[in-house]
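Please look through the sequence and the structure shown here, and keep both in view while you read the explanation that follows.

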Amino acid sequence: MSVLETRNLTKRFGDVTAVDGVSFAVEEGEVFGFLGPNGAGKSTTINVLLGYMSPTSGSASILGHDVETESRALRARTGVLPENVGVYDRLTGREHVASAIRIKDADDDPERLLARVGLDPDAWDRRAGGYSTGMAQRMALATALAGDPDLLVLDEPQSGLDPNGMQEIRDVVLEEAADGTTVFFSSHILPEVEAVSDRVGVMRAGEMAAVDDIDALRERWTDDTVVRATVADPPVRPEALADLDGVSDVAVEGDRVTLSCRTPRAKGRAVAALERTVGVADFEVEEGSLEDTFTALTGGADAGETTATTRADDPEVSA
Ligand SMILES: Nc1ncnc2c1ncn2[C@@H]1O[C@H](COP(=O)(O)OP(=O)(O)OP(=O)(O)O)[C@@H](O)[C@H]1O
């Protein structure tokens, strides 16, 4: 069952089309990474999904509830960590979490939730007005977890956190997913998305540029993986290697061979072929990263529509 679904979702602000006919679905129990450069339309999509603003056209549903007409029902089963966390300065962390539990009509223990997100117990009874950004972020995540939601929507959950804090968020996301919670995780921090997501959707200039699982995206969009080997017993015959499935380029210089491989299997085949024929004394592998994928899909972190990169041979990416 799709926990979250959009159909041709469009949101305009005057002349600006922030979200332009976006359709995608998030399935039950998956962690869906939502990527895109600044201004791509991620927050607007999330605001429409949570019923904070109406779409100009198209529709969306969460947990079977229409986001426009049944936003109250869907919010009861959804935990949200918004992009800009607002705190009530005079309330303590404990009071914030207790209030979220009350609103959800749940019976969680506030201390258990605060401990899960790594907020220092010394801070639980201090006013949140004095919290650092990272502390407020942790507290907000604890409120999002109140009532054991079926869907967690996390908008840039790691902003303001140190590496330790980012690791804690990652752990919470993975624990929630293991528990069957569906997680919609919006972030610019690519390694974090890569570490927790089953699939990713990449927005660019209001459109969904691609939706796929991370491995498939990487395979289609990153540069070749490069294998650099020193062989034990030259000379190397480049023709034999170039014939291997998935090997796109071979360069030989004395006992050094550089192979460009389209797929992980091609990499394995190439090293095995070298070992069989001339022996491998040493080798290193340079993998294409998700960073490259992201750049290829969006035309760079700050790119607008005009500089975005597209591939004419990819049916999922409109040029
Ligand atoms: N309330 C608004 N009024 C007018 N334009 C808006 C409004 N909200 C968003 N926009 C515009 O819509 C586009 C998409 O913005 P949005 O905030 O959804 O992108 P984003 O992907 O979340 O970016 P970021 O990662 O920087 O938060 C931008 O061009 C933005 O300027």
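**A walk through the chain**

Ser61 stands opposite Asp66, a residue of strand β5. Because strands here are DSSP runs of E with at least two residues, and helices are DSSP runs of H or I with at least four, both numbered from the N terminus, β5 can be as short as residues 65-66. The model is a predicted one, in which local features need pLDDT of at least 70 and side-chain atom pairs count only at pLDDT 80 or more, while totals for chains, interfaces and linings use all residues. Residues are numbered from 1 along each chain, as its sequence is written.

The strand joined to β5 is β4 (residues 57-62), which runs antiparallel to β5 and is linked to it by 2 bridges; two strands are said to pair if DSSP finds at least two bridges between them. These two strands belong to an open sheet of 4 strands in the order β2-β1-β4-β5, with antiparallel pairing. β2 and β5 stand at the edges of this sheet with a single partner strand each, so one side of each has no neighbour in the sheet.

Strand β2 (16-27) also leads to the ligand, since β2 and α1 (42-49) are the elements that give two or more residues to the shell around the ligand. α1 gives the most, with 3 residues. Among the residues around the ligand are Phe13, Val16, Gly41, Lys42, Ser43 and Thr44, where being near the ligand requires a C-beta atom, placed from the backbone, within 6 Å of it. The shell divides into 4 nonpolar, 6 polar and 1 charged residues; here Ala, Val, Leu, Ile, Met, Phe, Trp, Tyr, Cys and Pro count as nonpolar, Asp, Glu, Lys and Arg as charged, and the others, Gly among them, as polar.

Seen as a whole, the chain has 11 helices and 14 strands, and it is divided into domain 1 (2-218) and domain 2 (224-286), with bounds that come from an automatic or database domain assignment. The centres of domain 1 and domain 2, taken over C-alpha atoms, are separated by 44 Å.

In the later part of the chain, another open sheet has 4 strands in the order β12-β13-β11-β14, again with antiparallel pairing. Its edge strands are β12 (247-253) and β14 (280-286), each of which pairs on one side only. Within this sheet 6 bridges join β11 to β14, and Thr230 has Asp282 in β14 as its bridge partner.

After β11 (225-231) comes a loop that leads to α9 (238-242) and holds Arg237. Arg237 is exposed because 12 other C-beta atoms lie within 10 Å, and the cut-offs for this count, with C-beta atoms placed from the backbone, are 20 or more for buried, 12 or fewer for exposed, and partly exposed in between. Pro235 is found in the loop between β11 and α9 as well, and a cis peptide bond with omega of about 10° joins Pro234 and Pro235.

Most residues other than glycine have a negative phi, and most peptide bonds are trans. Asp105, although not a glycine, has a positive phi of about 55°, and Ala205, also not a glycine, has a positive phi of about 45°. Are these two residues buried or exposed? Asp105 counts as exposed because it has 9 C-beta neighbours inside 10 Å, whereas Ala205 counts as buried because it has 20.
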